[in-house]
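Me: Hi! I'd like to walk through this model with you, one question at a time. Could we start as soon as it is on the screen?

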Amino acid sequence: LGWILVHDRHSAFTEVRQGLARLSQVILGPNSLVQSILPDVFERTPRQFLPFTMQQLHRQASYCVSRLRNIPGLSARDPQGA
């Protein structure tokens, strides 16, 4: 999970950008260890955890996007992913 930013004004990293684009489309599924503990995690996690966490993530994402939009020459989109 994370972000990669490539500033390539002179197109010197064309192949690198293509490789990063391909790599970002690889789907990495959960391993069997994670899958085996999920039922226990769901049972023991307090109900208020998910709404609180989602609210925090939304607030932090909005803050990041608003800061990025204040940088001259840079445009940012609101997060749309999972």
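Me: Is Arg44 buried or exposed?
Reply: This is a predicted model, and the values here are computed from it. Exposed means over 50% relative accessible area. Arg44 has a relative accessible area of 66%, so Arg44 is exposed.

Me: Which residue meets the side chain of Arg44 in a salt bridge?
Reply: Side chains of opposite charge can pair when their charged atoms come close. For Arg44, the N to O distance in the salt bridge is 2.8 Å. The partner lies in helix H2 with Arg44, four residues apart, about one turn of the helix. That partner is Asp40.

Me: Thanks! Is Asp40 buried, partly exposed or exposed?
Reply: Partly exposed is the class between under 20% and over 50% relative accessible area. Asp40 has 36% relative accessibility, so Asp40 counts as partly exposed.

Me: How many salt bridges does the structure hold?
Reply: Asp40 and Arg44 form one of them. Asp8 and Arg17 also meet in a salt bridge, and Asp78 forms one with Arg69. The number of salt bridges in the structure is three.

Me: What is the N to O distance in the salt bridge of Asp8 and Arg17?
Reply: Asp8 is buried, with a relative accessible area of 16%. Arg17 lies in helix H1 and, at 34% relative accessibility, counts as partly exposed. Their side chains meet with an N to O distance of 2.5 Å.

Me: And how far apart in space are Arg17 and Val6, C-alpha to C-alpha?
Reply: Along the sequence, Arg17 and Val6 are eleven residues apart. In space, their C-alpha to C-alpha distance is 7.5 Å.

Me: What about Asp78 and Arg69: how far apart are their closest N and O atoms?
Reply: Asp78 counts as partly exposed, at 43% relative accessibility. Arg69 is partly exposed, with a relative accessible area of 43%. In their salt bridge, the closest N and O atoms are apart by 3.3 Å.

Me: Let's go to the surface. Which residues form the nonpolar patch with about 540 Å² of accessible area together?
Reply: Phe42 is one of them, and Phe42 is found in helix H2, residues 32-44. At 63% relative accessibility, Phe42 counts as exposed. The patch on the surface is formed by Leu33, Val34, Ile37, Leu38, Val41 and Phe42.

Me: How do the residues lining the second largest pocket divide into nonpolar, polar and charged?
Reply: This pocket has a volume of about 240 Å³. The lining is made of Trp3, Ile4, Leu5, Val65, Leu68, Leu74, Ser75, Ala76 and Arg77. Ser counts as polar and Arg as charged, while Trp, Ile, Leu, Val and Ala count as nonpolar. The lining therefore divides into seven nonpolar, one polar and one charged.

Me: Now a backbone point: what value does phi of Ser11 have?
Reply: Ser11 lies in the segment before helix H1 (14-24). At 46% relative accessibility, Ser11 counts as partly exposed. Its phi is positive, in a residue other than glycine, with a value near 55 degrees.

Me: One more, please. What distance separates the C-alpha atoms of Pro72 and Met54?
Reply: Pro72 lies in the segment after helix H3 (49-69). Pro72 is exposed, with a relative accessible area of 77%. Along the chain, Pro72 and Met54 are 18 residues apart, and their C-alpha atoms are separated by 30 Å.

Notes. Residues numbered from 1 in each chain as written. Predicted model: local features only at pLDDT ≥ 70, side-chain atom pairs only at ≥ 80, totals over all residues. Heavy atoms only, no water. 1 Å grid on protein atoms, 1.4 Å probe; cavity = no way out; pocket = protein on both sides within 12 Å on 5 of 7 lines; lining within 4 Å. Points joined across faces, edges and corners; volume = space filled by probe spheres on them. Patch = residues over 30% accessible without salt bridge, like charges linked within 9 Å, V, L, I, M, F, W, Y side chains within 5 Å. Areas by Shrake-Rupley, 256 points an atom, 1.4 Å probe, with all protein chains shown as cover. Salt bridge = Lys/Arg side-chain N within 4 Å of Asp/Glu carboxyl O. Helix = DSSP H or I, 4+ residues; strand = E, 2+ residues; numbered from the N terminus. Buried < 20%, exposed > 50% of the residue type's maximum accessible area, 1.4 Å probe, protein only.
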